[in-house]
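Subject: Structure handover

Hello,

Here is the structure I promised to pass on. Please open it first, then read my notes alongside it.

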Amino acid sequence: MPWWPWSSQDEKDKKKVVKWTDSLNRTDWTHYTDTRNLVPVILLTTTIIGSYAFYRSYLRRIPQASLIQPGFWRKRSLFGKVTSVGDGDNFRLFHTPGGRLAGWGWLPGRRVPRERKELQDKTIHIRLAGIDAPELAHFGRPSQPHSQEALDWLTSYILHRRIRAFIYKKDQYDRAVATVYVRRWLLRRDVGLQMLRMGLATVYEAKTGAEFGDLEDKYRNAEKWAKLKRRGMWAGKKKDYESPRDFKNRMGSVEQ
């Protein structure tokens, strides 16, 4: 390559190929690492992620028991309004997370439906934990004594009321087994416990699957008290008494 007298070192430097990494290394990163810019970005990102997690855990409505997340069982409770009572120990709940503070009952779009067609596939089937109420007539089986009395009492006690259900598991009928509380005369009442005291249910007896939370002793004492006072199903003669569990077993044997 010929040498020209007017060539200079500067001109040679201009002809050098500039690598992308060299250009990147020359980028001024101080703008991105400046605390005045970095802190707001971190705070905004954390707020967005935290808000979404809070919504999913506490404000997202759950329409059916089958959609309850596995991590909720035994750790969370559901708040909502009872829309129907199907038997002496189960009912339907329309989940209203956050209650009135979240706008349920007064904000547009946050109302509990009244019509059955509006409620279809939008309610959680709840089974009262730790108790067994007398069986109503169904599937061709006759009703058990005191079954209608138990249904009427439960209906008057919780229907169209707001309740809180502490959920334990999902049973074979896709129901959420739960201890349920309702406000009555400014006091929080355990619905299952009240039924036992009224003599309208027995302690749930099963070889497996019984759920009480930490209330089993309390429930058994309530049943003993109802027996002693001869309330509800305990009012008749002892020889005529048949527990809901024994009744279901007997009906099953007859059908077989």
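Start at Phe166. This residue is partly exposed, with a relative accessible area of 31%. Keep in mind that the model is predicted.

Phe166 has an aromatic partner, Tyr181. Their ring centres are 5.7 Å apart, and the planes meet at 90°, so the pair counts as edge-to-face because the angle is over 60 degrees. Is Tyr181 buried or exposed? Tyr181 is buried, at 15% relative accessibility. Phe166 sits in strand β5 (residues 162–170) and Tyr181 in strand β6, so the pair ties together parts that are 15 residues apart in sequence. The whole structure holds 5 aromatic pairs.

**Arginines over rings**

Two arginines are worth a look next. Arg61 lies over the face of Phe94, 4.0 Å from the ring centre. Arg184 does the same kind of thing with Trp185: it lies over the ring face, at 4.6 Å from the centre.

**The chain as a whole**

Now zoom out. The protein chain has 256 residues, and 36% of them count as buried. Its secondary structure comes to 9 helices and 8 strands. The chain exposes about 17,200 Å². Carbon and sulfur atoms supply 54% of that area.

Sequence distance matters for the next number. Take the contacts between residues at least 6 apart in sequence: 66% of them join residues at least 24 apart.

**Helix α6**

Helix α6 covers residues 147–158, which is 12 residues. From first C-alpha to last, α6 reaches 17 Å, close to the 16 Å expected at 1.5 Å a residue. Which residues of α6 are buried? They are Ser147, Ala150, Leu151, Trp153, Leu154, Tyr157 and Ile158. Seen down the axis of α6, these buried residues fall within an arc of 165°, so they line one face of the helix. A general rule helps here. An α-helix has 3.6 residues a turn, so residues three or four places apart point the same way. Just after α6, look for His160, which takes a positive phi of about 65°.

**Helix α8**

Helix α8 (216–229) can be read in a similar way. α8 has 14 residues and reaches 20 Å from its first C-alpha to its last, close to the expected 20 Å. Its buried residues are Tyr219, Ala222, Glu223 and Ala226. They cover an arc of only 100° around the axis, which puts them on the same side of α8. What covers them? The cover includes β4 (131–132), β6 (176–184), β7 (187–190), α7 (191–198) and β8 (202–203). Turn the helix to the face away from its buried side. There you find the exposed residues Asp217, Lys224 and Leu228.

Just after α8 comes Arg230, with a positive phi of about 55°. Arg230 is not a glycine. It is found in the loop between α8 and α9 (244–255).

**Three places in loops**

Arg74 also has a positive phi, about 70°, and it is not a glycine either. Where does Arg74 sit? Its place is the loop between α4 (35–59) and β1 (77–87). Arg74 counts as exposed because its relative accessibility is 52%, and the cut-off is over 50%.

Gly98 is in the loop between β2 (90–95) and α5 (116–119). Gly98 counts as partly exposed, at 40% relative accessibility. Check its distance to Leu59. The two are 39 residues apart in sequence, yet 6.1 Å apart in space, C-alpha to C-alpha.

Thr123 is in the loop between α5 and β3 (124–128). Is Thr123 buried or exposed? Thr123 is buried, with a relative accessible area of 8%. Which residues does Thr123 touch, leaving out those up to four places away in sequence? The answer is Pro63, Gln64, Thr83, Arg92, Leu93 and Phe94. You have met Phe94 already: Arg61 lies over its face.

**Where to look first**

Begin with the pair of Phe166 and Tyr181. Then view α6 down its axis and find the face lined by its buried residues. Finish at Thr123 and trace its contacts, including Pro63 and Phe94.

Best wishes

Definitions and conventions:
Residues numbered from 1 in each chain as written. Predicted model: local features only at pLDDT ≥ 70, side-chain atom pairs only at ≥ 80, totals over all residues. Heavy atoms only, no water. Helix = DSSP H or I, 4+ residues; strand = E, 2+ residues; numbered from the N terminus. Buried < 20%, exposed > 50% of the residue type's maximum accessible area, 1.4 Å probe, protein only. Contact = heavy atoms within 4.5 Å. Areas by Shrake-Rupley, 256 points an atom, 1.4 Å probe, with all protein chains shown as cover. Expected span 1.5 Å × (residues − 1). Arc of directions from axis to C-beta. Phe/Tyr/Trp six-rings, centres within 6.5 Å; stacked < 30°, edge-to-face > 60°. Lys NZ or Arg CZ within 6 Å of the ring centre and 35° of its normal.
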